[in-house]
Amino acid sequence: MQQRVDELHRLLHQYNYEYHVLDSPSVPDSEYDKLLHELIAIEEEYPDLKTSDSPTVRVGGTPLSAFEKVRHDTPMLSLGNAFNEADLRAFDKRVVEGVGQVDYMVELKIDGLAVSLKYEDGRLVQGLTRGDGTTGENITENIKTIYAVPLVIKEPLTFEVRGEAYMPRRSFINLNKEKEKNGEPLAANPRNAAAGSLRQLDSKLAAKRKLDIFLYSVNDLRELDVPSQSAALDKLDEIGFKTNHERRRCQNMDEVLDYIKYWTEERNNLSYDIDGIVIKVNDLSKQEELGFTARTPRWAIAYKFPAEEVITK
Ligand SMILES: Cc1ccc2cc(C(N)=O)cc(O)c2n1
(Lines give C-alpha, C1' and ligand atoms only; values in the text may rest on other atoms or scores of the structure.)
Protein backbone atom coordinates (compact mmCIF):
# COMPACT_ATOMS: atom_id res chain seq x y z
CA MET A 1 0.00 0.00 0.00
CA GLN A 2 2.89 2.37 0.77
CA GLN A 3 4.12 1.80 -2.77
CA ARG A 4 0.73 2.83 -4.21
CA VAL A 5 0.70 5.94 -1.97
CA ASP A 6 4.22 6.93 -3.14
CA GLU A 7 3.15 6.44 -6.78
CA LEU A 8 -0.01 8.54 -6.24
CA HIS A 9 2.07 11.33 -4.62
CA ARG A 10 4.49 11.30 -7.56
CA LEU A 11 1.73 11.41 -10.17
CA LEU A 12 -0.40 14.03 -8.41
CA HIS A 13 2.57 16.36 -7.75
CA GLN A 14 3.60 16.06 -11.41
CA TYR A 15 0.08 16.60 -12.81
CA ASN A 16 -0.42 19.54 -10.41
CA TYR A 17 2.88 21.10 -11.57
CA GLU A 18 1.96 20.68 -15.26
CA TYR A 19 -1.51 22.20 -14.77
CA HIS A 20 -0.89 25.01 -12.26
CA VAL A 21 2.70 26.02 -12.93
CA LEU A 22 3.32 25.16 -16.60
CA ASP A 23 -0.32 25.73 -17.56
CA SER A 24 -0.03 22.68 -19.86
CA PRO A 25 -1.72 19.60 -18.30
CA SER A 26 -0.83 16.19 -19.75
CA VAL A 27 -3.97 14.46 -18.36
CA PRO A 28 -7.62 15.59 -18.11
CA ASP A 29 -8.93 16.95 -14.75
CA SER A 30 -10.98 13.75 -14.39
CA GLU A 31 -7.77 11.68 -14.22
CA TYR A 32 -6.34 14.03 -11.55
CA ASP A 33 -9.57 13.89 -9.51
CA LYS A 34 -9.74 10.07 -9.78
CA LEU A 35 -6.20 9.66 -8.39
CA LEU A 36 -6.76 12.31 -5.70
CA HIS A 37 -9.93 10.57 -4.46
CA GLU A 38 -8.12 7.22 -4.46
CA LEU A 39 -5.44 8.80 -2.21
CA ILE A 40 -8.06 10.46 0.05
CA ALA A 41 -9.75 7.04 0.49
CA ILE A 42 -6.44 5.30 1.30
CA GLU A 43 -5.52 8.02 3.85
CA GLU A 44 -8.93 7.65 5.50
CA GLU A 45 -8.49 3.86 5.76
CA TYR A 46 -4.76 4.00 6.70
CA PRO A 47 -4.30 7.37 8.53
CA ASP A 48 -0.64 6.69 9.31
CA LEU A 49 0.08 6.75 5.55
CA LYS A 50 -0.97 10.45 5.39
CA THR A 51 2.04 12.84 5.34
CA SER A 52 2.13 16.65 5.62
CA ASP A 53 3.16 17.00 1.96
CA SER A 54 0.39 14.73 0.67
CA PRO A 55 -1.45 16.24 -2.34
CA THR A 56 -4.68 15.82 -0.32
CA VAL A 57 -3.72 18.89 1.79
CA ARG A 58 -4.84 21.02 -1.18
CA VAL A 59 -8.47 20.77 -0.05
CA GLY A 60 -7.75 22.21 3.42
CA GLY A 61 -7.70 20.70 6.88
CA THR A 62 -9.09 21.42 10.36
CA PRO A 63 -9.76 25.11 11.17
CA LEU A 64 -7.31 27.00 13.43
CA SER A 65 -8.43 29.06 16.44
CA ALA A 66 -5.81 31.77 15.67
CA PHE A 67 -2.67 32.36 13.60
CA GLU A 68 0.66 31.88 15.37
CA LYS A 69 2.99 34.90 15.05
CA VAL A 70 6.45 34.06 13.68
CA ARG A 71 9.50 36.35 13.32
CA HIS A 72 11.00 36.48 9.82
CA ASP A 73 14.62 35.28 9.64
CA THR A 74 15.33 38.51 7.74
CA PRO A 75 12.80 41.36 7.54
CA MET A 76 10.50 41.50 4.52
CA LEU A 77 11.28 45.06 3.51
CA SER A 78 9.02 47.23 1.40
CA LEU A 79 10.21 48.91 -1.78
CA GLY A 80 10.84 52.62 -2.24
CA ASN A 81 8.37 54.18 -4.70
CA ALA A 82 8.82 56.13 -7.92
CA PHE A 83 5.85 57.97 -9.45
CA ASN A 84 7.33 59.48 -12.62
CA GLU A 85 10.32 59.55 -14.94
CA ALA A 86 12.21 62.07 -12.79
CA ASP A 87 12.02 59.71 -9.79
CA LEU A 88 13.31 56.84 -11.93
CA ARG A 89 16.16 58.93 -13.39
CA ALA A 90 17.14 59.97 -9.85
CA PHE A 91 17.15 56.32 -8.75
CA ASP A 92 19.29 55.39 -11.77
CA LYS A 93 21.69 58.25 -10.99
CA ARG A 94 22.14 57.09 -7.37
CA VAL A 95 22.76 53.52 -8.54
CA VAL A 96 25.31 54.52 -11.21
CA GLU A 97 27.11 56.82 -8.73
CA GLY A 98 27.22 53.90 -6.32
CA VAL A 99 28.26 50.98 -8.49
CA GLY A 100 28.68 52.25 -12.06
CA GLN A 101 26.68 51.14 -15.12
CA VAL A 102 24.24 48.28 -14.37
CA ASP A 103 21.58 46.31 -16.15
CA TYR A 104 18.18 46.12 -14.51
CA MET A 105 15.81 43.20 -13.94
CA VAL A 106 12.30 44.56 -14.46
CA GLU A 107 9.16 42.73 -13.28
CA LEU A 108 5.43 43.36 -13.10
CA LYS A 109 4.44 44.33 -9.57
CA ILE A 110 1.64 41.90 -8.70
CA ASP A 111 -1.11 43.50 -6.64
CA GLY A 112 -1.53 40.77 -4.04
CA LEU A 113 -0.14 39.79 -0.66
CA ALA A 114 3.56 39.25 0.02
CA VAL A 115 4.25 35.82 1.51
CA SER A 116 7.31 33.91 2.60
CA LEU A 117 7.63 30.14 1.92
CA LYS A 118 10.15 28.02 3.81
CA TYR A 119 11.44 24.74 2.38
CA GLU A 120 13.51 22.13 4.20
CA ASP A 121 15.22 19.46 2.08
CA GLY A 122 12.94 20.48 -0.77
CA ARG A 123 9.66 20.19 1.17
CA LEU A 124 7.34 23.06 2.07
CA VAL A 125 7.38 23.44 5.86
CA GLN A 126 6.03 26.94 6.51
CA GLY A 127 4.17 29.83 4.93
CA LEU A 128 4.06 33.28 6.53
CA THR A 129 2.34 36.56 5.70
CA ARG A 130 4.60 39.63 5.49
CA GLY A 131 2.84 41.02 8.58
CA ASP A 132 4.68 44.18 9.70
CA GLY A 133 7.82 43.09 7.85
CA THR A 134 9.49 41.78 11.01
CA THR A 135 6.82 39.35 12.25
CA GLY A 136 4.30 37.49 10.09
CA GLU A 137 1.39 35.10 10.68
CA ASN A 138 1.74 31.38 10.20
CA ILE A 139 -0.68 30.60 7.36
CA THR A 140 0.98 27.35 6.25
CA GLU A 141 -2.28 25.38 5.92
CA ASN A 142 -3.80 28.10 3.72
CA ILE A 143 -0.64 28.41 1.62
CA LYS A 144 -0.81 24.65 0.93
CA THR A 145 -4.24 25.14 -0.68
CA ILE A 146 -2.67 27.33 -3.40
CA TYR A 147 -2.12 24.71 -6.15
CA ALA A 148 0.74 26.71 -7.74
CA VAL A 149 2.73 26.42 -4.49
CA PRO A 150 4.85 23.25 -4.86
CA LEU A 151 4.63 21.00 -1.77
CA VAL A 152 7.85 19.30 -2.93
CA ILE A 153 10.48 20.90 -5.22
CA LYS A 154 12.95 19.27 -7.60
CA GLU A 155 16.06 19.79 -5.47
CA PRO A 156 16.36 19.04 -1.73
CA LEU A 157 17.06 22.73 -0.94
CA THR A 158 16.64 24.33 2.46
CA PHE A 159 15.83 28.00 1.90
CA GLU A 160 13.14 30.68 1.98
CA VAL A 161 11.35 31.89 -1.15
CA ARG A 162 9.26 35.05 -1.31
CA GLY A 163 6.42 35.92 -3.60
CA GLU A 164 3.03 37.50 -4.07
CA ALA A 165 -0.14 35.50 -3.51
CA TYR A 166 -2.99 36.96 -5.55
CA MET A 167 -6.54 36.34 -6.75
CA PRO A 168 -6.88 36.12 -10.55
CA ARG A 169 -9.53 38.51 -11.88
CA ARG A 170 -11.72 35.58 -13.05
CA SER A 171 -11.77 34.15 -9.50
CA PHE A 172 -12.55 37.62 -8.11
CA ILE A 173 -15.54 38.07 -10.42
CA ASN A 174 -16.85 34.58 -9.56
CA LEU A 175 -16.34 35.23 -5.83
CA ASN A 176 -18.40 38.43 -6.00
CA LYS A 177 -21.11 36.67 -8.03
CA GLU A 178 -21.27 34.09 -5.22
CA LYS A 179 -21.40 36.82 -2.55
CA GLU A 180 -24.12 38.69 -4.44
CA LYS A 181 -26.19 35.48 -4.64
CA ASN A 182 -25.78 34.99 -0.86
CA GLY A 183 -26.58 38.64 -0.14
CA GLU A 184 -23.08 39.15 1.32
CA PRO A 185 -21.10 42.42 0.97
CA LEU A 186 -18.91 42.31 -2.16
CA ALA A 187 -15.11 42.21 -2.02
CA ALA A 188 -13.69 45.61 -3.05
CA ASN A 189 -10.87 44.31 -5.26
CA PRO A 190 -8.78 41.16 -5.89
CA ARG A 191 -6.08 42.27 -3.46
CA ASN A 192 -8.47 42.59 -0.51
CA ALA A 193 -10.16 39.32 -1.51
CA ALA A 194 -6.76 37.55 -1.54
CA ALA A 195 -5.89 39.00 1.88
CA GLY A 196 -9.26 37.90 3.25
CA SER A 197 -8.77 34.40 1.81
CA LEU A 198 -5.30 33.89 3.26
CA ARG A 199 -6.50 35.06 6.65
CA GLN A 200 -9.27 32.46 6.81
CA LEU A 201 -8.75 30.33 9.90
CA ASP A 202 -10.58 27.52 8.13
CA SER A 203 -8.27 26.35 5.31
CA LYS A 204 -11.22 24.58 3.63
CA LEU A 205 -12.63 28.07 2.92
CA ALA A 206 -9.21 29.33 1.75
CA ALA A 207 -9.05 26.34 -0.63
CA LYS A 208 -12.32 27.42 -2.29
CA ARG A 209 -10.93 30.88 -3.10
CA LYS A 210 -8.67 29.67 -5.95
CA LEU A 211 -5.70 31.87 -5.15
CA ASP A 212 -2.55 31.86 -7.27
CA ILE A 213 1.03 32.96 -6.69
CA PHE A 214 4.16 34.32 -8.41
CA LEU A 215 7.49 33.80 -6.61
CA TYR A 216 10.05 36.58 -7.05
CA SER A 217 13.02 36.13 -4.79
CA VAL A 218 14.98 33.74 -2.67
CA ASN A 219 15.83 35.12 0.70
CA ASP A 220 19.36 33.79 0.86
CA LEU A 221 20.42 33.91 -2.79
CA ARG A 222 23.80 32.41 -1.93
CA GLU A 223 21.81 29.19 -1.29
CA LEU A 224 20.96 29.09 -5.02
CA ASP A 225 24.51 30.08 -6.02
CA VAL A 226 23.30 32.42 -8.78
CA PRO A 227 24.96 35.70 -9.89
CA SER A 228 21.86 37.76 -10.68
CA GLN A 229 18.15 38.31 -10.10
CA SER A 230 17.38 37.04 -13.61
CA ALA A 231 19.37 33.84 -12.97
CA ALA A 232 17.58 33.43 -9.62
CA LEU A 233 14.17 33.65 -11.31
CA ASP A 234 15.25 31.14 -13.99
CA LYS A 235 16.47 28.80 -11.25
CA LEU A 236 13.13 29.11 -9.42
CA ASP A 237 11.44 28.08 -12.70
CA GLU A 238 13.78 25.09 -13.04
CA ILE A 239 13.10 23.68 -9.57
CA GLY A 240 9.30 23.89 -9.81
CA PHE A 241 8.18 27.39 -8.79
CA LYS A 242 5.81 29.66 -10.68
CA THR A 243 7.40 32.99 -11.60
CA ASN A 244 6.00 35.78 -13.72
CA HIS A 245 7.35 35.49 -17.27
CA GLU A 246 6.57 39.08 -18.31
CA ARG A 247 9.90 40.06 -16.81
CA ARG A 248 12.61 41.69 -18.89
CA ARG A 249 16.31 42.50 -18.52
CA CYS A 250 16.97 46.15 -19.44
CA GLN A 251 20.42 47.49 -20.32
CA ASN A 252 19.60 51.01 -19.06
CA MET A 253 16.83 53.25 -17.71
CA ASP A 254 15.63 54.19 -21.22
CA GLU A 255 14.72 50.56 -21.84
CA VAL A 256 13.02 50.43 -18.42
CA LEU A 257 10.91 53.45 -19.39
CA ASP A 258 9.90 51.73 -22.66
CA TYR A 259 8.82 48.66 -20.70
CA ILE A 260 6.78 50.82 -18.27
CA LYS A 261 5.14 52.65 -21.18
CA TYR A 262 4.14 49.30 -22.75
CA TRP A 263 2.55 47.94 -19.57
CA THR A 264 0.83 51.21 -18.73
CA GLU A 265 -1.29 50.52 -21.83
CA GLU A 266 -1.34 46.72 -21.73
CA ARG A 267 -1.93 45.97 -18.04
CA ASN A 268 -5.73 45.75 -18.29
CA ASN A 269 -5.32 42.78 -20.65
CA LEU A 270 -3.62 40.72 -17.93
CA SER A 271 -5.63 38.07 -16.05
CA TYR A 272 -4.51 39.60 -12.72
CA ASP A 273 -4.06 43.09 -11.24
CA ILE A 274 -0.67 44.81 -11.12
CA ASP A 275 -0.10 48.12 -9.33
CA GLY A 276 3.32 48.94 -10.75
CA ILE A 277 6.64 47.75 -12.08
CA VAL A 278 9.55 46.53 -9.91
CA ILE A 279 13.02 47.56 -11.08
CA LYS A 280 16.07 45.84 -9.55
CA VAL A 281 19.79 46.07 -10.13
CA ASN A 282 20.29 42.65 -11.74
CA ASP A 283 23.80 41.80 -10.52
CA LEU A 284 23.66 40.41 -6.98
CA SER A 285 27.13 41.55 -5.91
CA LYS A 286 26.17 45.11 -6.94
CA GLN A 287 22.96 44.73 -4.91
CA GLU A 288 25.07 43.83 -1.89
CA GLU A 289 27.38 46.78 -2.55
CA LEU A 290 24.39 49.15 -2.56
CA GLY A 291 22.75 47.60 0.52
CA PHE A 292 19.67 48.97 2.28
CA THR A 293 18.35 52.17 3.87
CA ALA A 294 16.54 51.70 7.21
CA ARG A 295 13.43 50.50 5.42
CA THR A 296 14.13 49.74 1.76
CA PRO A 297 16.76 48.27 -0.57
CA ARG A 298 18.91 50.85 -2.41
CA TRP A 299 19.12 48.44 -5.36
CA ALA A 300 15.39 48.31 -6.13
CA ILE A 301 12.45 50.64 -6.65
CA ALA A 302 8.77 50.22 -7.42
CA TYR A 303 7.32 52.42 -10.13
CA LYS A 304 3.64 52.90 -9.19
CA PHE A 305 1.01 53.43 -11.89
CA PRO A 306 -1.10 56.58 -11.40
CA ALA A 307 -4.03 55.59 -9.16
CA GLU A 308 -6.91 55.00 -11.59
CA GLU A 309 -9.95 52.76 -11.39
CA VAL A 310 -8.56 49.50 -12.82
CA ILE A 311 -11.33 47.88 -14.87
CA THR A 312 -11.65 44.41 -13.36
CA LYS A 313 -13.27 42.61 -16.28
C1 LIG B 1 12.63 42.86 -2.89
C2 LIG B 1 11.20 42.86 -3.35
C3 LIG B 1 10.20 43.35 -2.50
C4 LIG B 1 8.88 43.34 -2.93
C5 LIG B 1 8.57 42.84 -4.20
C6 LIG B 1 7.23 42.79 -4.67
C7 LIG B 1 6.98 42.27 -5.93
C8 LIG B 1 5.57 42.19 -6.44
N9 LIG B 1 4.58 42.71 -5.71
O10 LIG B 1 5.35 41.65 -7.51
C11 LIG B 1 8.00 41.78 -6.74
C12 LIG B 1 9.31 41.84 -6.30
O13 LIG B 1 10.34 41.37 -7.04
C14 LIG B 1 9.61 42.35 -5.02
N15 LIG B 1 10.92 42.36 -4.58
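The following exercises, with worked solutions, concern a predicted model.

**Exercise 1. Describe the surroundings of Glu18.**

Step 1. Locate the residue: Glu18 belongs to helix α1, which spans residues 2-20.

Step 2. Examine its charge pairing. Glu18 is buried but forms no salt bridge. The nearest side chain of opposite charge is that of Arg10, at 8.6 Å. A salt bridge requires a side-chain nitrogen of Lys or Arg within 4 Å of a carboxyl oxygen of Asp or Glu, so Arg10, 8.6 Å away, does not pair with Glu18.

Step 3. Look for a polar partner. The side chains of Glu18 and Ser26 are joined by a polar contact of 2.5 Å.

Step 4. List the contacts. Leaving aside residues up to four places away in sequence, Glu18 touches Asp23, Ser24, Pro25 and Ser26.

**Exercise 2. Compare the settings of Asp23 and Lys210, two non-glycine residues with positive phi.**

Step 1. Read the angles: phi is near 55° for Asp23 and near 50° for Lys210.

Step 2. Place each residue. Asp23 sits in the loop between α1 and α2 (29-45), whereas Lys210 sits in the loop between α7 (203-208) and β8 (212-218).

Step 3. Classify the exposure, for which the threshold is over 50% relative accessible area. Asp23 has 65% and is therefore exposed; Lys210, at 52%, is exposed as well.

**Exercise 3. Determine which residues surround the ligand and which polar atoms approach it.**

Step 1. Identify the surrounding residues: Leu79, Glu107, Leu108, Lys109, Ile110, Glu164, Tyr216, Val278 and Lys280.

Step 2. Consider the ligand's oxygen atoms. One oxygen atom of the ligand is 3.0 Å from an N or O atom in the side chain of Glu107. A backbone N or O atom of Ile110 is 2.9 Å from an oxygen atom of the ligand.

Step 3. Turn to nitrogen: a nitrogen atom of the ligand lies 3.3 Å from a polar side-chain atom of Glu164.

Step 4. Assess the cover. On its own, the ligand has 370 Å² of accessible area, and the protein covers 88% of it.

**Exercise 4. Establish whether Ile146 is buried or exposed, and what it touches.**

Step 1. Place the residue: Ile146 is in the loop between α4 (140-143) and β7 (159-166).

Step 2. Apply the cut-off for burial, under 20% relative accessible area. Ile146 has 1% and is therefore buried.

Step 3. Name the contacts. Not counting residues up to four places away in sequence, Ile146 touches Arg58, Ala165, Leu198, Leu211, Asp212 and Ile213.

Step 4. Note a distance across the chain: Ile146 and Ala206 are 60 residues apart in sequence, with their C-alpha atoms 8.6 Å apart in space.

**Exercise 5. Analyse selected pairs among the 23 salt bridges of the structure.**

Step 1. Begin with Asp254 and Arg89, whose side chains form a salt bridge of 2.7 Å, N to O. This pair links helix α9 (residues 253-266), which holds Asp254, to helix α3 (residues 85-99), which holds Arg89, across 165 residues. Asp254 is partly exposed at 43% relative accessibility, as is Arg89 at 33%.

Step 2. Continue with Asp103 and Arg249, which form a salt bridge of 2.8 Å, N to O. Asp103 is in the loop between α3 and β3 (104-110) and Arg249 is in strand β9 (residues 248-250), so the pair ties together parts 146 residues apart in sequence. Asp103 is buried at 16% relative accessible area, while Arg249 is partly exposed at 45%.

Step 3. Finish with Arg247 and Asp237, which meet in a salt bridge of 3.0 Å, N to O. Arg247 and Asp237 are both buried.

Terms used
Residues numbered from 1 in each chain as written. Predicted model: local features only at pLDDT ≥ 70, side-chain atom pairs only at ≥ 80, totals over all residues. Heavy atoms only, no water. Helix = DSSP H or I, 4+ residues; strand = E, 2+ residues; numbered from the N terminus. Buried < 20%, exposed > 50% of the residue type's maximum accessible area, 1.4 Å probe, protein only. Lys, Arg positive; Asp, Glu negative; His and termini not counted. Polar contact = N/O pair within 3.5 Å; in protein donor to acceptor, adjacent residues only side chain to side chain. Contact = heavy atoms within 4.5 Å. Areas by Shrake-Rupley, 256 points an atom, 1.4 Å probe, with all protein chains shown as cover.
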